[in-house]
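Thanks for making the time this morning. I would like to walk through one protein with you, going from individual residues to the metal site and then to a pair of helices.

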Amino acid sequence: MSWFSNFIALFYPNTCRMCGTPLLKGETTLCTKCIASLPYTRYWEYEDNPVAQKFWGQINATAGCSLLHFRKGAKVRKLIHKLKYKGNTEIGYKLGYILGLHLKTSPTYADIDYVVPVPLHPKKQQKRGYNQSDYIANGVADAIGAKWTTTIVRRNTHTSTQTQKNRIERYQNVRSIFEVAHPDTIRGKHILVVDDVITTGATIESCAAELLNAAPCRVSIASIGTV
Ligand SMILES: [Zn+2]
């Protein structure tokens, strides 16, 4: 934001979180211009997209996609930083809602029952005060007309820290960090697991794998950003 945008923000506190201009009636969190300028992947339009391909041969996911390209130094990266570390949780809801509007246009995601955020480690969540993915899941669920819940999957607290492990050990460790609290609730359902950014995909894959192991169900994967 320029000094002028900051100055304007003093008088119009309801400003775009990306460019700082005052929001117009009907706009929330992001202005129409910024929403139009986001680097969309359009991965929801085809099933063999690069995000879905990350999980091929690993888990039997129904579908996978991300909303935005998350390139280093890009404006969208700053936006996610505000969401994750500056308490701007409404950015998560807004981007989740935009993701949901696009998913709605694809028949693959039409019958989703539950939107489940990837849980943070409880210590991390306590430190941050919130899980950014909760807000993303809430936005997606509202846009597609599904339920969102944080109670189906939980994070095991007894898993060790990952800093002293090599890559293979780390991968094995990540595979058992989640547990499904209520397997009966997901029987026969289509669940969308969401996270903020997919890089290797190992964490979200582990979460999806636990759901698939817990009961006969279908699981799809989505995130706001992908590298
Ligand atoms: Zn803007």
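Leaving aside its neighbours within four places in sequence, which residues is Leu212 in contact with? Before I answer, please keep in mind that what you see is a predicted model. The contacts of Leu212 are with Ile59, Asn60, Cys217 and Val219, once the neighbours within four places in sequence are set aside. Leu212 itself belongs to helix α10, which covers residues 202-214, and with a relative accessible area of 23% Leu212 is partly exposed. If you look for Val180, you will find that its C-alpha lies 9.7 Å from that of Leu212, although 32 residues separate the two in sequence.

Cys207 is also in helix α10, and here the relative accessible area is 0%, so Cys207 counts as buried. Beyond four places in sequence, Cys207 touches Val118, Pro119, Val153, Phe178 and Val193. The C-alpha atoms of Cys207 and Ile221 are separated by 9.9 Å, with their positions 14 residues apart along the chain.

Let me step back to the whole protein for a moment. There are 10 helices and seven strands, and buried residues make up 50% of the 227 residues. If we take the contacts between residues at least 6 apart in sequence, 73% of them join residues that are at least 24 apart.

Now to the metal. Which residues are the protein donors of the zinc ion? They are Cys16, Cys19, Cys31 and Cys34, each through its SG atom, lying 2.3 Å from the zinc ion. The angles among the four donor atoms run from 105 to 116°, and the site is tetrahedral; it counts as tetrahedral because all of the angles lie between 85 and 135 degrees. Along the chain, the donors of the zinc ion follow the spacing C-x2-C-x11-C-x2-C. Cys16 sits in the loop between α1 (3-11) and α2 (32-37), whereas Cys34 sits in helix α2 itself, so this pair ties together parts that are 18 residues apart in sequence. Both Cys16 and Cys34 are buried.

In the loop between α1 and α2 we also find Thr29, whose phi is positive, about 65°, although Thr29 is not a glycine. I mention this because most residues other than glycine have a negative phi. Thr29 is buried, its relative accessible area being 9%. A second case is Arg42, again a residue other than glycine, with a positive phi near 60°. Arg42 is placed in the loop between α2 and α3 (50-53), and at 38% relative accessibility it counts as partly exposed.

Thr29 also leads us to Lys94, which lies in helix α5. Is Lys94 buried or exposed? At 15% relative accessibility Lys94 counts as buried, because the cut-off for buried is under 20% relative accessible area. Not counting residues up to four places away in sequence, Lys94 touches Thr28, Thr29, Leu30 and Ile35. Between the C-alpha atoms of Lys94 and Thr28 there are 7.8 Å, and along the chain these two are 66 residues apart.

Helix α5 brings me to the last part, the helix pair. Two packed helices are described by the angle between their axes and the distance between the axes. For α5, residues 89-103, and α7, residues 132-144, the axes come within 6 Å and cross at roughly 35°, and the crossing is right-handed. On the α5 side the contact includes Tyr93, Gly96, Tyr97, Leu99 and Gly100, and on the α7 side it includes Tyr135, Ile136, Gly139, Val140 and Ala143. By type, the residues of this contact divide into 10 nonpolar, six polar and one charged.

Gly139 is a good residue on which to finish. Its place is in helix α7, and with a relative accessible area of 0% Gly139 is buried. Setting aside residues up to four places away in sequence, Gly139 touches Tyr93, Gly96 and Tyr97. The C-alpha atoms of Gly139 and Leu99 are 8.2 Å apart, with their positions 40 residues apart along the chain.

How values were computed: Residues are numbered from 1 along each chain as its sequence is written. This is a predicted model: local features need pLDDT of at least 70, side-chain atom pairs count only at pLDDT 80 or more; totals for chains, interfaces and linings use all residues. Side-chain values use heavy atoms; hydrogens and water are left out. Donors are N, O and S atoms within 2.8 Å of the metal (3.2 Å for Na, K and Ca); water is not among the atoms, so sites may look incomplete. Four donors count as tetrahedral if all angles lie between 85 and 135 degrees; four count as square planar and six as octahedral if opposite donors are over 155 degrees apart and all others between 65 and 115; anything else is irregular. Helices (H or I, at least four residues) and strands (E, at least two) are DSSP runs, numbered from the N terminus. Buried means under 20% relative accessible area, exposed over 50%, partly exposed in between (1.4 Å probe, protein chains only). Axes are lines fitted to C-alpha atoms, for helices over the stretch in contact, and angles run from 0 to 180 degrees between N-to-C directions. A crossing is left-handed if the near helix is turned anticlockwise from the far one by less than a right angle, and right-handed if clockwise. Contact means heavy atoms within 4.5 Å. Ala, Val, Leu, Ile, Met, Phe, Trp, Tyr, Cys and Pro count as nonpolar, Asp, Glu, Lys and Arg as charged, and the others, Gly among them, as polar.
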